[in-house]
Amino acid sequence: YSLIFFLCEKMQQKWYEPTGRNRLLNELSNELLARVFSELSTRELCIARLVCQRWNALVPLAWHLKQHLALDEETLLLLAQNGQQQTANHSAFQQYTSALKSVDGSKLTRLRISVSSNTRQLLTVYELSKLLEEVVQRCPRLAELGLTDSTTHPLEIFPNNSFVRLVQHCSAHLVSVELANCAGLVDSSVETLLGECTRLVSLSLINCPLLIGVCFLSESASAGCHRLVRLTLDACLSLKEANLARLFERCSNSLRHLSLCGGGVGTPTFSHAINSLTELNTLRMADNNLSSVVSPPLQLHMLLTKLDLSFTVGNDRLFGAILNSCTSLKCLLVDYCRNLSDKMFDVEIKAPLEQLSLTRLSRITDATLEKLAAVRGQARRTMRRLTVSKCVGLTARGIAHAIESLPALEWYD
């Protein structure tokens, strides 16, 4: 749709006339329309084929040309409802394989496989292994790969061998890999991924409890770590802080987005991340324990713009140091940090905050809002979004005064 609107704008024509005729669309060739439709999702394709007979005839061709494919329960259901594949007496694995064969694998660049739903198991480990082998044979140019499982049916046994063969087969093209709820994933597979994929810039490992981080230490994975721009290690409870510290040293000049939510890490890991990652823009460390004193002191750099510490067990001294030292921080989320108080804002706020979220901080009072709305304060000139929901220590008068005193405020809760 965006491409169609772009073409219409360049040709200075309306894509839809009041008379009901799609003048520009009728002038486009079938090949061009099919290429445009191939960028749509499965749901959008199913809607598009209901518009007219011509679009209905173009959808199968567009599906064959798709470069982005999501193999999940919803896709299979939509394809069955629209007659794209037969589902009678077919297992989930046969439907997945059929959907994969219906597209041109040589052009497929993005593939996402959902192993199971929240209500029932779709693929067994053996079937997933066979499906990955099928991907190896048909999809040599994958750039983005995602393997996700539900929290209800986590993959306690992961087909590491098939995954490694797929990684090695697509190593020259892979730039992004996401693995979620893969309980059987081991460090050796991640080490191969980092060592073989020369263009990998984004890696997401969510709820992979067997990982302890030795995959980041080997010399073969060193080059892969140096290239990472985006890294997610949420809910990987077995990661060792010493291994993470070594990883941060290797990613110091490349990593810009880091997420370590719910990983059981503490203040030392936070300190290593802040002090080592000089190019970091976004840091998410929600649901961790940051209550201990930082030693050595934080050396906050100039590039950090977004910090999410929601649900953490923090301390006023640490968070106050962030507000005082990080002169580029624009977004700070400290929702549900139950032990934070007004003392966090006793420092001079040098951060040019545009978004501040303080949901359910019972120890926050009107003194905090007065500090934010101070005439000489940095936040007074920059604050655009403010959330103080469920802060029982605030009064209506204090909130009203803060809203009136923040001239740049666009949204508040």
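**Exercise 1. Strand pairing**

Task: Find the residue of E3 that is the bridge partner of Arg-110.

Solution:
- The partner of Arg-110 in E3 is Glu-144.
- Element names follow DSSP runs, numbered from the N terminus: helices are H or I with at least four residues, strands are E with at least two.
- Strand E3 spans residues 144–148, runs parallel to E2 and is joined to E2 by five bridges.
- Strands count as paired when DSSP finds at least two bridges between them.
- Strand E1 (residues 68–71) also pairs with E2 (residues 110–114), in the parallel sense, over four bridges.
- Within that pairing, Leu-69 has Leu-111 of E2 as its bridge partner.

The model is predicted, so local features need pLDDT of at least 70 and side-chain atom pairs count only at pLDDT 80 or more, while totals for chains, interfaces and linings use all residues. Residues are numbered from 1 along each chain as its sequence is written, and side-chain values use heavy atoms, with hydrogens and water left out.

**Exercise 2. The largest pocket**

Task: State the volume of the largest pocket and describe its lining.

Solution:
- A 1 Å grid over the protein atoms alone is used: a pocket is an open set of points with protein on both sides within 12 Å along at least five of seven lines, a cavity is a set where a 1.4 Å probe fits but cannot get out, and lining residues have an atom within 4 Å of a point.
- Points are joined across faces, edges and corners; volume is the space filled by probe spheres set on them.
- The largest pocket holds about 320 Å³.
- Its lining has 22 residues, and His-68, Leu-69, Ala-70, Arg-110 and Arg-112 lie nearest the centre.
- Two or more lining residues come from each of helix H4 (42–48), E1, helix H6 (73–81), E2, E3 and E4.
- By class, the lining has seven nonpolar, six polar and nine charged residues.
- The classes are: nonpolar for Ala, Val, Leu, Ile, Met, Phe, Trp, Tyr, Cys and Pro; charged for Asp, Glu, Lys and Arg; polar for the others, Gly among them.

**Exercise 3. The second largest pocket**

Task: Which helix gives the most residues to the lining of the second largest pocket?

Solution:
- The volume of this pocket is about 160 Å³.
- Helices H15 (366–372) and H16 (378–382) are the elements that give two or more lining residues.
- H16 gives the most, with three.
- Lining residues include Lys-371, Leu-372, Gln-378, Ala-379 and Arg-380.
- The lining divides into four nonpolar, two polar and five charged residues.

**Exercise 4. A cavity and helix H17**

Task: Identify what lines the second largest cavity, then sort residues of H17 into buried and exposed.

Solution:
- The whole structure has two cavities of 30 Å³ or more.
- The second largest cavity has about 40 Å³ of space.
- Its lining consists of Leu-369, Leu-386, Val-388, Ile-399, Ala-402, Ile-403, Tyr-412 and Asp-413.
- Seven of these are nonpolar, none is polar and one is charged.
- Helix H17 (residues 396–405) contributes the most, three residues.
- Buried means under 20% relative accessible area, exposed over 50%, partly exposed in between (1.4 Å probe, protein chains only).
- In H17, Gly-398, Ala-402 and Ser-405 are buried.
- These cover an arc of only 70° around the axis, so they sit on the same side of H17.
- The arc is taken from the directions from the helix axis to the C-beta atoms.
- Ala-396, Arg-397 and Glu-404 are exposed on the other side of H17.

**Exercise 5. Cysteines**

Task: Count the disulfides, then account for Cys-182 and Cys-197.

Solution:
- A disulfide is a pair of cysteine sulfur atoms within 2.5 Å.
- The count by this rule is zero.
- Cys-182 is in no disulfide: its nearest cysteine sulfur, in Cys-208, is 5.3 Å away.
- Cys-182 is buried, at 1% relative accessibility.
- For Cys-197, the closest cysteine sulfur is that of Cys-170, at 8.3 Å, too far for a bond.
- Cys-197 is buried too, with a relative accessible area of 0%.

**Exercise 6. Positive phi**

Task: Locate Asn-181 and Asp-287, and give phi for each.

Solution:
- Asn-181 has phi near 60°, a positive value in a residue other than glycine.
- Asn-181 sits in the loop between strand E4 (176–180) and helix H10 (187–196).
- Asn-181 is buried, with 10% relative accessible area.
- Asp-287 also has phi near 60°.
- The loop between strand E8 (282–284) and strand E9 (306–308) holds Asp-287.
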